[in-house]
Amino acid sequence: MIVLGIDPGSHRTGYALLEAGPEHCVLRDFGTLELSSRARHGERLAELYARLLELIRSHRPEVCALEMPVYGKNPQAMLKLGRAQAAAMLAAVHEGIPVVEYPPAEIKKAATGRGNASKEQVWQTLHTLLGLGSRWQRPTADASDALAVAYCHVRRHYLASGSRRGWWAFVQAHPDRVLPPARP
């Protein structure tokens, strides 16, 4: 399964593509789509839509996971963020790709186990979990957030599908990673 994670924004939108299965999760690509700062809001939305269509067509993800805006202090900023999210949704739906949304706390919890983790904690955890090493450099906050969104969907998909059923399934799948019982 290839998951496109998106952290929508009206100036910068993060994206990440994860290839995942029951026993693997590999980062294929991630980055930030910088939108024209001089363009009007509607023009930036059209640019976002077109660039996401291009990304979708080149990578052919099977699902698109979006971070949903939950709250904000500035109503105008939230309105613009919601429009950017809609542009991303439309790009995916236009290509026949299902869209799922996750709130920020659920995304952080899927990555770190804590719904109030910092962006740095989320990145460090994902860097370790995905074994990114030095090949993948520290991304922008938007790209890192998009990676967390994609990872959240992978976790939810494989936990919900029953691919991993707790500790016993882990022991059976990875006997080399479990210590033998202590002798009395």
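**Strands, cores and a buried glycine**

Author: Start with one pair: Ile 6 stands opposite Tyr 15 in E2. This is a predicted model, where local features need pLDDT of at least 70 and side-chain atom pairs pLDDT 80 or more, while totals for chains, interfaces and linings use all residues. Residues are numbered from 1 along each chain as its sequence is written, and side-chain values use heavy atoms, leaving out hydrogens and water.

Reader: What makes E1 and E2 a pair?

Author: Pairing calls for at least two bridges found by DSSP. E1 and E2 have six, in the antiparallel sense, so by that rule they pair. They also form a hairpin, with four residues between them.

Reader: And how do you know what counts as a strand or a helix?

Author: Both are DSSP runs numbered from the N terminus: H or I over at least four residues for a helix, E over at least two for a strand. The chain has six helices and five strands. Along the sequence they read β-β-β-α-β-α-β-α-α-α-α.

Reader: In what order do the five strands lie in the sheet?

Author: The order is E3-E2-E1-E4-E5, and the sheet is open with mixed pairing. At the edges are strand E3 (24–34) and strand E5 (99–102), each with a partner on one side only. From one strand to the next the twist averages 20°.

Reader: What makes the pairing mixed?

Author: We've had the antiparallel part, E1 with E2. E1 and E4 pair in the parallel sense over four bridges, and Val 3 stands opposite Val 63 of E4 there. Strand E4 (residues 63–67) also runs parallel to E5, again joined by four bridges, and in that pair Leu 66 faces Glu 101.

Reader: Why is E1 called largely enclosed?

Author: Buried means under 20% relative accessible area (exposed is over 50%, partly exposed in between; 1.4 Å probe, protein chains only). Six of the six residues of E1 meet that cut-off, so the strand is largely enclosed by the rest of the structure. Both faces are covered: Ile 2, Leu 4 and Ile 6 are buried on one side, and Val 3, Gly 5 and Asp 7 on the other. For the chain as a whole, buried residues make up 41% of 184.

Reader: Why does Gly 14 count as buried?

Author: Its relative accessibility is 0%, so it falls under the cut-off. Gly 14 lies in strand E2. Its contacts (heavy atoms within 4.5 Å), not counting residues up to four places away in sequence, include Gly 5, Ile 6, Asp 7, Asp 142 and Ala 146. Gly 14 and Leu 147 are 133 residues apart in sequence, yet their C-alpha atoms are 8.2 Å apart.

Reader: Asp 142 is a charged one; buried or exposed?

Author: Buried: its relative accessible area is 17%. Asp 142 sits in helix H5 and, leaving aside neighbours within four places in sequence, touches Asp 7, Arg 12, Thr 13, Gly 14 and Thr 32.

Reader: What makes the largest nonpolar core a core?

Author: The term covers buried Ala, Val, Leu, Ile, Met, Phe, Trp, Tyr and Cys residues joined through side-chain atoms within 4.5 Å. The largest such set has 29 residues, and Leu 18, Cys 25, Leu 126 and Val 154 are among those with the most contacts inside it. E2, E3, E4, helix H3 (104–112), helix H4 (119–129) and helix H5 (141–160) each supply at least two residues, with the largest share, 10 residues, coming from H5. A second, separate core of 21 residues includes Leu 4, Leu 55, Leu 66 and Ile 97.

Reader: Which residues does Val 154 touch?

Author: Met 1, Val 3, Leu 18, Ala 20 and Cys 25, not counting residues up to four places away in sequence.

Reader: And how do H1 and H2 cross?

Author: Their axes (lines fitted to C-alpha atoms, for helices over the stretch in contact, with angles from 0 to 180 degrees between N-to-C directions) come within 9 Å and cross at roughly 35°. On the H1 side the contact includes Leu 45, Leu 48, Tyr 49 and Leu 52; on the H2 side, Ala 84, Ala 87, Ala 88 and Ala 91 are among the partners. Helix H1 (residues 41–59) also lies across E1, E2 and E3, at about 155° to E3.
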